[in-house]
Amino acid sequence: MFKFIARNVNQFITSQSAGGVLLALAALVALVVSNSPWHGAYQQFLQMPGELRLGSSWLLLSKPLIVWVNDLWMAVFFFLVGLEIKRELLEGELASPAQALLPAIAALGGMLVPALIYAAINWGDPVGLRGWGIPMATDIAFALGILVLLGSRVPPSLKVFLTAVAIIDDLGAILVIAVFYTAELSPTMLLAAAAGVVVLLGLNRLRVTAIAPYAIVGLGVWFFVLKSGIHPTLAGVVTALAIPLSDGKGGSPLNKAEHALHPWVAYLILPMFAFANAGVSLQGVTLGTLAQSVPLGIAGGLLLGKAIGVFGASWLLIRLGGARLPTQASWSQFWGVCVLCGVGFTMSLFIGTLAFAGADALYESQLKLGVLLGSLLSGVAATVLLLTSRVEKQ
């Protein structure tokens, strides 16, 4: 069992790191195109209409491309996140309280401190204050990509620790989205979505192991959640949690679905999300622009808040005897990985689009600048720290 879990973790890290490189390239292309003569074509591409029809004439939904990417494609990403969370809770690094305690406490500190820093900087701006959740989550693809590129400079235990922290971060982000970034609710659509969830649970109880029935019902739940006022990506998580871990014959529908989805998410969905959301015009951007409360709060939350929160909570727990430093890791290496948790690209942009929905376009530009700056500085600082850290075996 240990070898099986280790193999899954290694495959997960490899796919995430490779996807992180493509994610970075997609964000870079979006940034370049947004500041080139093709800026207009880029915007037209994002507004390209798309329709989802039932039958030949009944129009269900008509949305521009960027909305399809953020609402439907990202629901698939959250479906994968839900699968990863369930697997980790049942057979992975979060399966026992002893294993889960350090990354759980670290993730909690890494969510609270950045939110407090952002809120303190934006306290006088009611609209800007809505973005307090932006610097809370770690981008697992980017962060693991950097660790893999550093090779043997980082012990495997720290890669596992970072993976667990990022997954718990994702769970926290899901709760934040559900509770704080929800519009007016439609009771009728909520009841319809709840009925869909009951069907998913029924499929699980009946030990249905084929993925297709869950996907079909999950798509219906997605539609009703979209119409209910809750962000539809949460339907992906709910659907994933219904997928059974074992088929009773030695196979795992959950692992099968996870492995099948990883390439699509890593090499298509997340790069497309980055391309659609990372484009920001740098025309007129100065140091004064970056010093405004929203980008400053995001960058400060990611660079300082994540490092202080993750490291501080972990250090306190270890000193109190509640956990141990990851195997073969020195404190300097551990500090470097804590700084790396400030790479919050994908989830930070996603939460920001919800926080500033309907706000002035200026907030959207400041959001992207803050996320890009904070993630870049965190990645560079962590790389330098890990390259120069002392390797001290316990």
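How many salt bridges does the count come to? The count comes to four salt bridges. The model shown in these close-up views is predicted.

**View 1. A salt bridge joins Glu258 and Arg87.** The side chains of these two residues meet with 2.8 Å between N and O. Glu258 belongs to helix 10 (residues 253–277) and Arg87 to helix 3, so this pair ties together parts of the chain that are 171 residues apart in sequence. Glu258 has a relative accessible area of 2% and is therefore buried. Arg87 is also a buried residue, because its relative accessible area is 3%. The view can be widened to take in Glu88, since Arg87, Glu88 and Glu258 are linked in a network of salt bridges.

**View 2. Lys306 and Asp169 form a salt bridge.** The closest N and O atoms of the pair are 2.9 Å apart. Lys306 sits in helix 12 and Asp169 in helix 6 (residues 156–180), so the salt bridge ties together parts that are 137 residues apart in sequence. Is Lys306 buried or exposed? Lys306 counts as buried, because its relative accessibility is 0%. Asp169 has a relative accessibility of 0% and so counts as buried. Side chains of opposite charge can pair when their charged atoms come close.

**View 3. Glu364 and Lys368 meet in a salt bridge within helix 15.** Between the two side chains, the distance from N to O is 3.1 Å. Both residues are in helix 15 (residues 361–388), and because they are four residues apart they are separated by about one helical turn. Glu364 counts as partly exposed, with a relative accessibility of 40%. Lys368, in contrast, is buried, at a relative accessible area of 9%.

**View 4. Trp68 and Trp222 form a stacked aromatic pair.** The whole structure holds 16 aromatic pairs. In the pair of Trp68 and Trp222, the ring centres are 6.5 Å apart and the planes lie at 20°, so the pair is stacked. Planes under 30 degrees apart count as stacked. Trp68 is in helix 3 and Trp222 is in helix 8 (residues 211–228), and the pair links distant parts of the chain, 154 residues apart. Trp68 is buried, because its relative accessible area is 10%. Trp222 is buried as well, with a relative accessible area of 3%.

**View 5. Phe311 and Trp335 form an edge-to-face aromatic pair.** The rings are 5.2 Å apart from centre to centre, with 85° between the planes. Phe311 lies in helix 12 (residues 293–319) and Trp335 in helix 13 (residues 331–340), so the pair ties together parts that are 24 residues apart in sequence. Trp335 is partly exposed, at a relative accessible area of 32%. Which residues do ring pairs link into a cluster? The cluster consists of Phe161, Phe311, Trp331, Phe334 and Trp335.

**View 6. Val76 of helix 3 is in contact with residues far along the chain.** Helix 3 spans residues 65–91 and includes Val76. Leaving aside neighbours within four places in sequence, what is Val76 in contact with? Beyond those neighbours, Val76 is in contact with Leu261, Val265 and Ile269. Val76 and Ile269 are 193 residues apart along the chain, and their C-alpha atoms are separated by 8.2 Å. Val76 is partly exposed, because its relative accessible area is 29%.

**View 7. Cys338 and Cys341 are not joined by a disulfide.** How many disulfides does the structure hold? The structure holds zero disulfides. Cys338 is in no disulfide, and the nearest cysteine sulfur, that of Cys341, is 5.9 Å away. For the sulfur of Cys341, the closest cysteine sulfur is in Cys338, and the distance of 5.9 Å is too far for a bond. A disulfide would need the two sulfur atoms within 2.5 Å. Cys338 is buried, with a relative accessible area of 0%. Cys341 counts as buried too, because its relative accessibility is 0%.

Key: Residues numbered from 1 in each chain as written. Predicted model: local features only at pLDDT ≥ 70, side-chain atom pairs only at ≥ 80, totals over all residues. Heavy atoms only, no water. Helix = DSSP H or I, 4+ residues; strand = E, 2+ residues; numbered from the N terminus. Buried < 20%, exposed > 50% of the residue type's maximum accessible area, 1.4 Å probe, protein only. Contact = heavy atoms within 4.5 Å. Phe/Tyr/Trp six-rings, centres within 6.5 Å; stacked < 30°, edge-to-face > 60°.
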